[in-house]
Amino acid sequence: MTSALVEPTTPDAEDAADPLTGNGTAPPAPRGNDADTLAREIVEKLTYSVGKNPSAARRHDWLTATTLAVRDRIIDHWFATTQESYDREAKRVCYLSLEFLIGRLLRDAISNLQLTDAVTEALERYGVELDMIELLEPDAALGNGGLGRLAACFMESMASTGVPGIGYGIRYVHGLFRQEIADGAQVEVPETWLAHGNPWEFERRENAYEINFGGKIVAVDEPGRPPRQVWRPGERMLAVAYDTPIVGWRGTHVNTLRLWSAQALDPILLDAFNSGDHIGALREANQAEAITRVLYPADSHQAGQELRLRQEFFFSSASLQDILRRHKQQYDTFDNLADKVSVQLNDTHPAVSVAELMRLLVDIEGMEWGKAWETTRAVFSYTNHTLLPEALETWPVHLFERLLPRQMQIIYTINAQVIGEAQAAGMDGGKVSAVSLIDEGNGRRVRMGQLAFAGSHTVNGVSALHTELMKRTVFRNLHELYPDRIQNKTNGVTPRRWLLQCNPDLKSLIEATIGPAFEDDIEKLRDLDARADDAAFRDKFAAAKRANKARLARTIKERLAISLDTEAIFDIQVKRIHEYKRQFLNIIEAVALYEQIRSHPELSWTPRVKIFAGKAAPSYVQAKQIIRLINDVARVVNNDPAVRNLLKIVFIPNYNVSLAEIIMPAADVSEQISTAGLEASGTGNMKFALNGALTIGTLDGANVEMLEHVGEDNIFIFGLTADEVRQRRNEGHNGRAIIEGLPILREALDAIATGVFSPDEPGRYAGLVGNLYDNDWWMIAADFEAYWEKQRELDLLWDDKASWNRKAVLNTARMGWFSSDRSIREYAKDIWHAGPGA
């Protein structure tokens, strides 16, 4: 897509349709959605926006032209949606998230607008295949893993269920990074998804807000006014808005994703430039633009920590200023702010919003402190996504005070109020320290999870188990202080992208079998239950799976030159690389299986392909070692003739949404094997099962609820429970006795530790293996035997294709409850009090 050829930006969809600004106008006549009209408009876009004659146009030109023609239809719906929301003064949900992993948008938009057949036919008239040009669209590099993909699913489901919403985040120029593999090791290179422009976004130059850092606080005592604190910042920059429309199912509702880009107030310091300091003249511009360059800069050093905090405040402050500006424009008062706006904090990253909203209401709008605090708590709700201490962010007080001095003052004041409430409730000193927003025992740090909890009227976990563990662990004392604040909202995934679009063969089979009603109500998939015992249907279901496996095999062949047997079990683990997600356990089992296949050729081994994908944080040494181990093992196993193609191991680089759309429908086995008690929910587990994969997993996160819905006969659960993990850790567990008493595990670990898979550096993995003997914090040795045995159960089941396929059908049939539509309806009813019926 060529940026210079993207059409000029339109007015802000929100403001353009706002009757209070005088911009509300009658909508244009509806555009035709037939193939003739679309063909004509696509060529018009190609000619007048892209500047190409159809005979000279390349595939990327057709992609841009098609996107622009589809976008016009979205804009009509976008303006109409906003006008309708303003007319009825609907409550708006503002979803603040540091990640929005939205993937490619063209197919999503065409499908939700019901234009797939018409666009396909229109392009075919010019010899262009929709499937081919769709592949050229880059994935928006706006997220990393489950957090960002959940945010994207929620945005689509808010639009599909009619909840007026706007997502707020950062417009990252380079995303996290593009992952390459060199000599088996992860290499991070910049993602360049915006290199050729983004025709889905609209720059809103008129919606720019000043964001400040540093400086000092001055007490001002004016006659006739109470004393007040005035922030005199030392550094100023602009947050400029870029809007992307998010289309709901059947196009009846379109919401907005607003992303912020950082710009310096002065792009160049001319005095410095003219004096010869050409580099220094760009200092302010570079410092501002660094904020929106990269997602999750490494925070293992002070500069990285500072940049992370800057990012979080930057997008939080810009978003809140935008929210207040819109509200004041419509209502001219903040007395009803909580009645008309609900702000959801997606994890702790936007937690500084609590202090910033207080500053804006008290310092800028002149609201009395008590009323501002009551309003703030009523506006905010907070989703916690993890029990890992490192993810419940804390920032050094000295860093916070230097960057955000006024917000730090406000946090101290909020903290005094929380501590006062704790003391009034009869809490002792230890509990008071535990609820404090300041950790005094760890170098004095601001606890962002505590701030988000204290400043929200509702705090939710994302699976039943996770929510209960929140109450018992990380927020135990805050839950005691505010016992009615925590509730559960189990995650879900949008069935439009994760079934209807990514698995058209299965979608067509289901539609032919039970009718199309499931497209509007995914829980009607339950009607497939009766078909699980129908041999003819099971065969068709299996045929769709084989076609998806063949597609994935072709992708792997093209990218990695590895040939796969599609009759083998496709055993897949794709997610962020982290020790608690236990890719290490998976690859150890693969090594043990490799050793057994070589040692016992007389046995009948079930062919298996183990597929991995995922990124490790750049500074996460152990995770990067695990990636290298997977690739080292793959190199040896895949080239050993003694294996006889009974086992293949594949690591696919640069996992993203588009790759997931190929992987999820192709999986036979879904690996959800985290250490129990540490995975908040998971959404990959839902996508796999929805597409007919059988789950092997621990009783962790949403696996617990999946067990209840699909039935214990149709999911393969193994290993320690969360309570058993906690008990073993308290008892000082290590893996030595287990390893020494389990030859199959000991031999696999010996092979890894002694350099069988890394002959150029025999000791490369000695540390990884040594940790299992001395610590086994992630319970890899503890769970290995149960995991091995459950995998062998799957081998036996694979030989009974009728039973396997029956279980696969039942997984798809019973996953309708795990739709993000259901999640959003629960949020809307129980937390936001917004949307239809509110």
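Colleague: In what order do the 9 strands of the open sheet stand?

Modeller: In this predicted model, 9 strands form an open sheet whose pairing is mixed. From one strand to the next, the twist averages 25 degrees. The order of the strands is 5-8-9-2-1-10-11-15-16.

Colleague: Which strands stand at the edges of the sheet?

Modeller: An edge strand here has a single partner strand, so one side of it is left without a neighbour in the sheet. The strands to which this applies are strand 5 (202–213) and strand 16 (486–488).

Colleague: Which residue of strand 16 does V459 stand opposite?

Modeller: Strand 15 (residues 458–461) and strand 16 run parallel and are joined by 3 bridges. Opposite V459, in strand 16, stands I486.

Colleague: At about what angle does helix 34 run to strand 10?

Modeller: Helix 34 (residues 820–832) lies across strand 1, strand 10 (341–346), strand 11 (380–383), strand 15 and strand 16. Helix 3 (residues 59–87) lies across another set of strands, including strand 5 and strand 8 (235–247), and runs at about 100 degrees to strand 9 (254–264). For helix 34 and strand 10, the angle is about 115 degrees.

Colleague: Within what arc do the buried residues of helix 31 fall?

Modeller: In helix 31 (residues 766–774), the buried residues are L768, V769, L772 and Y773. Seen down the helix axis, they line one face, because they fall within an arc of 145 degrees.

Colleague: Which residue with a positive phi follows helix 31?

Modeller: The buried residues of helix 31 are covered by elements including helix 30 (743–753) and helix 32 (780–798). After helix 31 comes a residue whose phi is positive, near 55 degrees, namely D776.

Terms used. Residues numbered from 1 in each chain as written. Predicted model: local features only at pLDDT ≥ 70, side-chain atom pairs only at ≥ 80, totals over all residues. Heavy atoms only, no water. Buried < 20%, exposed > 50% of the residue type's maximum accessible area, 1.4 Å probe, protein only. Helix = DSSP H or I, 4+ residues; strand = E, 2+ residues; numbered from the N terminus. Arc of directions from axis to C-beta. Contact = heavy atoms within 4.5 Å. Pairing = 2+ DSSP bridges. Axes fitted to C-alpha atoms, helices over the stretch in contact; angles between N-to-C directions.
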